[in-house]
Amino acid sequence: MEFVTLKGRLACLIIKVLFVLGSLLTALRVVPGPDIAGVVLAFYTLFILPGALMHRMLFGPVEASPAGVCRLFSTGLLFVSILVFAGFVPGVSYAILSVMATCVTLFLLFLDHFRWRCGTKHLDKPAISVFPASRGRDSGWTMGRFALVILVFALSFVFFHGAGELGWSTDSLDHLSFIRRCIDSGSIFPNDSFFKSGDGTVLDPRKGLWHSVIALLTFQSDAAPEYVWSMLPSMLVFFSVTAFIFFSTELLGSVPLASLALVFIFVFQRGEGVRWFTKIQYSRNIVQVIVWIEAALLFRYLWRRNGKRDCVLMFLLSFAGMAYHFVYALLIGTVMAALLIYTSFVPSGKRLRGRFWMAALVQAAALLVPLLLRARFTLSGFNPIHTHRQGMLLLSNHFAIVDPVEIVVRIGYVFFFVLVTVPFFSRIGAHNRNSGLLMTLVLFPVCLVLNPLTAAYLERYLGYLHFRMLYAAPLICAAAVGVTGLARILVLGRSGERMAGSGSCASVKGTDGPHVRAGIRGNAGESRTDRAIGLALEVGKRLLAAVLLLLFVFLPLRFSLARSYVYLKEVLFEKTKPDRRYEILFERLDREIPAHSVVVTDPLNSYVLSAYTDHFVAVVLDQHGSPSDTMALERIAGVRDLLCPAVPLSRSAGWLKRVGADYVLIDSRLPERSDFYGTAIPGGVEIAGEKLRSCHGLARELFSFDGFTLYRIVKYVPGTGDSLAYDMRYAAPLPCAAPAGIDSLGFDTGMGIVLEGIRFEERKVCAGDMLTGFFCWKRSGEIEFGLPVEWTVRLDTGFPMGAWYRPWYGKQYRRHIESRSGKRYRFSASGLLLSGYTFPDQWDASGAVRQDFSFPLPPSLSPGMYEFRVTVRRLTYLPNRRISDYLRNEDLYYGEPVGLIHVESRGRR
């Protein structure tokens, strides 16, 4: 703002210096203060102020536009990223980084002031910069624009105040654990944030430089990591929204369309736009913001020929994005590949390809060093629990695509709306180069994940991550174009558009142009048949537009608005608050046990302890640290055996010693079925305490309160009583010669498990009654620990088949018959093998195990004879399906027939 006088400049300089020094004194704990002041001050002195100074030094004054704000935020990210990257030098701690940041910022402040003083005679010219600003840059700052930016930032800050998600149901505790370990250990990038027994030979590839940046912000603010995490959306949402506006404006070439796309962010995607912004501090989401900014700069570079500064900024952003998260390479690579295809086919492609290849070389050079570092210091990019195929639609034994149903679950029906309308963007969208570019950016990643050839190839090298290529497609921008285009057809129609265009041209010329007169003569010379056909086409087009808007916009909009309202209430009024029960536990652990102890407990409480205390654990929920830990599956199996009532403690003693367990925490108030992705079910935790107490000299109880009991490990060799089975309901073996009345089956599931027999309490039941009985399972060989096993019961009977019935759509036909008649001809029920309390590899191979089942039959079940079918399969996080599973009755759960059940109507018994 060049209108500021010398005295004003000097006063601003003094205030900024005081801010910088105050932030340093807060980091060094010399000047205490409220946490919110420390966080805001640290964010300003690490991101905003250095970003503005670096921008003025390199690119000239900051522009008063979304592009200017994005460049300001980008240079701030680059400043703090370079600073943290320098911290990899041995001996550099976060305290030294804070001092370095202060010194560099003060140097930039005084240098900027000196440059301004030297240029006071030329205030009408922009400041000298390494890369001069391009022609036609946006207008500079005024007091009005400055006040508007501050007001919008303040509104977003207040709205998202403390809205950052916390809790074991999200990934936040994984990041908090790493950030806390960074500060506690002083290491810029610790090898492991959870386990003291980790091998420490590799880094976790999912922990990028962004986590260390947050750790520096946390140290600088002298606040708790969980408080900083919850406050980050307050400061990042403004810049994220600005980045999306910048990206959508450059892509669509229209501010109104970009504004509509911004509204759609909060409405579509199943109404989770607000929740996404509460997770903006996640590295994968920050990477998405960086991709928006870089793609917008790339569009400007290709079409507006703003070369030097945009190219340099793209290089630096690419380096930072790749250092933040591996998904950045996937997203920006998809955008670049789509642009290559577009520039290869458009008429102006020859002119664009030269600049495109220059940008591609810049991208490749920026990605090379982070990629080599990740390849050198990381073992694998995938969690070994999730390396299996998941979320796929199986077309054959060798080919599969991403299941469109899973896409709808994650993205919403807007996906299909875009697919239907995108081929017509050149007619209903903007009539310029943006339509073709938008079509290419949308269709290219969609073709990759829905093409069986490319999907199989990508799955081999990217695993389940290749689904995220869809996040590179600007679906929201495409939805904005599709909605406005269809709405224009409904309002104006084709002839209306032509007349509107002709009228505008005529009004400009002041007379009826020749094209208008020719159009009138053509219309007058048309025959009745031609006019009838044209009218029919016009009506059909408008009806199609109305149907598309209704099916893919307004109907999902009702559901999305309801979800958005719920999330808005959560953000505004239902902030995450810590459980007082856990606060007392943390206080007692800090007071009564040494720091950096290894506390073994269930995965849920391990996840919480690793995030909120300085203690190590033995396993965490979903095993987030798996790529950097060779003991990943062993940890899950070890805690599972310790908490399982059917496994003797002698089996866990060696594992406790290997992980270096100092204490064991038992939580009797743990939910019976917490979501552990099926890998560790907290059943029998109270009995696990009995196991510890029964082994003389192994463990000693330290304290117990509100369901928590802490045991100290005295020695790793269990005493007498360690071979007892503590829960006979699940551990007692049944003889192979089953009792009378059981149906001997010998059904081999192909997974080392045999359904030895089944027994029904009654074979004649009424609709609405309970169907009870038990299974008799048996091991048939060695079983490797891995995914949990689920059984599914299917009751099937015949249903009316009319002349329109065909087997290839039998499931949909049956559902139609059921909806019309109000009767059901199929019933299914599922459950984990032995309810997850024991796993097949824990069973005694010499006998069978019994599992009772009991489930109510629906009252609408049609009377008749039903086949009782059973199928057994391994659970995946996302299910895999076949096309026949959606159409045919013989789907994935059809199973093998193991008996007959006679269902009667209630009035007959």
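The points below go through helices, sheets and single residues of this structure, which is a predicted model.

1. Helix 8, which covers residues 225-252, and helix 9, which covers residues 255-267, have axes that come within 8 Å and cross at roughly 135 degrees. The two helices, helix 8 and helix 9, are therefore oblique to each other, and their crossing is right-handed. On the side of helix 8 the contact is made by V241, F244, I245, S248, T249 and L252, while helix 9 brings V255, L257, A258, A261, L262 and I265. Sorted by character, the residues of this contact between helix 8 and helix 9 comprise 10 nonpolar and two polar ones, with no charged residue among them.

2. Y282 is found in the loop that lies between helix 10 (273-278) and helix 11 (283-303). Is this loop residue, Y282, buried or exposed? Its relative accessibility is 1%, and because buried means under 20% relative accessible area, Y282 counts as buried. When residues up to four places away in sequence are not counted, Y282 touches T170, D171, S172, H175, W210 and W229. A further pair to look at is Y282 and P233, which are 49 residues apart in sequence, with 9.9 Å in space from C-alpha to C-alpha.

3. One open sheet has five strands in the order 4-3-5-7-6, and its pairing is mixed. Strand 4 (616-617) and strand 6 (699-705) stand at the edges of this sheet, and since each has a single partner strand, one side of each is left without a neighbour in the sheet. For strand 6 that partner can be followed in detail: strand 6 pairs with strand 7 (residues 708-713) in the antiparallel sense, over six bridges. Within this pairing, E701 has Y711 of strand 7 as its bridge partner.

4. Another open sheet of five strands follows the order 10-17-15-12-13, again with mixed pairing. Here the edges are taken by strand 10 (764-766) and strand 13 (826-832), each with a single partner strand, so that one side of each is left without a neighbour in the sheet. On average, and with direction ignored, neighbouring strands of this sheet are turned by 30 degrees against each other. Strand 12, residues 789-796, pairs with strand 13 in the antiparallel sense over seven bridges, and V793 has A829 in strand 13 as its bridge partner.

5. Strand 9 (residues 753-760) deserves a separate look. Why can strand 9 be called largely enclosed by the rest of the structure? The reason is that six of its eight residues are buried. Strand 9 is joined to strand 11 (residues 770-779) by seven bridges, and these two strands run antiparallel. A reader who wants to find this pairing in the model may start from L755, which stands opposite W777 in strand 11.

6. D885 belongs to helix 31, which spans residues 883-887. With a relative accessible area of 8%, D885 is buried. Leaving aside neighbours within four places in sequence, the residues in contact with D885 are K811, D891 and L892.

Terms used
Residues are numbered from 1 along each chain as its sequence is written. This is a predicted model: local features need pLDDT of at least 70, side-chain atom pairs count only at pLDDT 80 or more; totals for chains, interfaces and linings use all residues. Side-chain values use heavy atoms; hydrogens and water are left out. Buried means under 20% relative accessible area, exposed over 50%, partly exposed in between (1.4 Å probe, protein chains only). Helices (H or I, at least four residues) and strands (E, at least two) are DSSP runs, numbered from the N terminus. Two strands pair if DSSP finds at least two bridges between them. Axes are lines fitted to C-alpha atoms, for helices over the stretch in contact, and angles run from 0 to 180 degrees between N-to-C directions. Angles under 35 degrees count as roughly parallel, over 145 as roughly antiparallel, 65 to 115 as roughly perpendicular and the rest as oblique. A crossing is left-handed if the near helix is turned anticlockwise from the far one by less than a right angle, and right-handed if clockwise. Contact means heavy atoms within 4.5 Å. Ala, Val, Leu, Ile, Met, Phe, Trp, Tyr, Cys and Pro count as nonpolar, Asp, Glu, Lys and Arg as charged, and the others, Gly among them, as polar.
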